[in-house]
Amino acid sequence: MTNEYIIKQLSIFAPNTPGTLAEIAKIFQDNGVNISAFCIAEAKNFGVVRAVVNQPDAAFAAFEKKNYLLKFTDVLAVKMSDVPGGLYEVASKFGEAGLNIEYAYASRSAAVPTLVVYVSNPDIPLETAVERILHSGLSLVPAAEMQA
């Protein structure tokens, strides 16, 4: 069953101005949403806050009420060894499986260190990517565990 590993990531597009991150954090807090993985990517005048949270639908609704531009993206969380070469092991197995990692960010919120990845192969369904990852010997963190 591959769908158990597909995680809903919330992407919040926000202006790149002082206080914006505090406002975003306050919205999470006020709505009882806990963050298990988080990163910020910047562009010229805006940022993209990517977050894996325990209540993605509630978070989406809360940010929508505040007129943020939002989207959900399906991502995976790969268990990674916390040793020199841990990232190499994951990256090399993705390459061997023919899977492109468009972006990734690390998290320690699961039981083991994880790498949250967005796989971008237009010709490979995400379910097939999950099967390839598992077949490679890597382990994935179930969505229920990452979004607990």
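Against which strands and which helix do the buried residues of H3 pack? In this predicted model, the buried residues of H3 pack against strand S4 (69–79), strand S5 (101–107), strand S6 (114–119) and helix H4 (126–135). Helix H3 itself spans residues 86–96, and its buried residues are Gly86, Val90, Ser92 and Phe94. Just after H3, Gly98 adopts a positive phi of about 75°.

Helix H3 also carries a salt bridge, in which the side chains of Glu89 and Lys93 meet at 3.8 Å, N to O. Within H3, Glu89 and Lys93 are four residues apart, about one turn of the helix. An α-helix has 3.6 residues a turn, so residues three or four places apart point the same way. Glu89 is partly exposed because its relative accessibility of 30% falls between the limits of 20% and 50%. Lys93 is likewise partly exposed, with a relative accessible area of 22%.

Strand S4, against which the buried residues of H3 pack, is also a partner of strand S1. The pairing of S1 and S4 is antiparallel and extends over seven bridges. Strand S1 pairs in the antiparallel sense with strand S3 (residues 46–53) as well, over six bridges. The position of Ser11 illustrates the first of these pairings: Ser11 lies in strand S1, residues 7–15, and its bridge partner in S4 is Lys71. For the pairing with S3, the bridge partner of Ile12 is Val49.

Ser11 is buried, because its relative accessibility of 2% is under 20%. Beyond residues up to four places away in sequence, Ser11 touches Val48, Val49, Arg50, Leu69, Leu70, Lys71 and Thr73. The side chain of Ser11 also makes a polar contact with the side chain of Gln9, at 3.5 Å.

The count of salt bridges in the model comes to three. Side chains of opposite charge can pair when their charged atoms come close. Besides the pair in H3, one of the salt bridges joins the side chains of Lys8 and Asp57, at 2.7 Å from N to O. This pair links distant parts of the chain, since Lys8 is in strand S1 and Asp57 is in helix H2 (residues 56–65), 49 residues apart. Lys8 counts as partly exposed at 31% relative accessibility, and Asp57 counts as partly exposed at 48%.

A further salt bridge is formed by the side chains of Asp30 and Lys26, at 2.9 Å from N to O. Both residues belong to helix H1 (residues 20–30), where Asp30 and Lys26 are four residues apart, about one turn of the helix. Asp30 is exposed because its relative accessibility of 52% is over 50%, whereas Lys26, at 42%, counts as partly exposed.

The surface also bears a nonpolar patch of about 320 Å², made by Leu21, Ile35, Phe38 and Ile40. Strand S2 (residues 35–42) supplies the largest share of this patch, with three residues. Ile35 is placed in strand S2 and is partly exposed, with a relative accessible area of 33%.

Conventions
Residues are numbered from 1 along each chain as its sequence is written. This is a predicted model: local features need pLDDT of at least 70, side-chain atom pairs count only at pLDDT 80 or more; totals for chains, interfaces and linings use all residues. Side-chain values use heavy atoms; hydrogens and water are left out. Helices (H or I, at least four residues) and strands (E, at least two) are DSSP runs, numbered from the N terminus. Buried means under 20% relative accessible area, exposed over 50%, partly exposed in between (1.4 Å probe, protein chains only). A polar contact is a pair of N or O atoms within 3.5 Å; within protein, one must be able to donate a hydrogen and the other to accept it, and residues adjacent in sequence count only if both atoms are side-chain atoms. Contact means heavy atoms within 4.5 Å. Two strands pair if DSSP finds at least two bridges between them. Patches are made of residues with over 30% relative accessible area and no salt bridge: like charges are joined within 9 Å, nonpolar side chains (Val, Leu, Ile, Met, Phe, Trp, Tyr) within 5 Å. Accessible areas come from the Shrake-Rupley method with a 1.4 Å probe; for residues, only the protein chains shown count as cover. A salt bridge is a side-chain nitrogen of Lys or Arg within 4 Å of a carboxyl oxygen of Asp or Glu.
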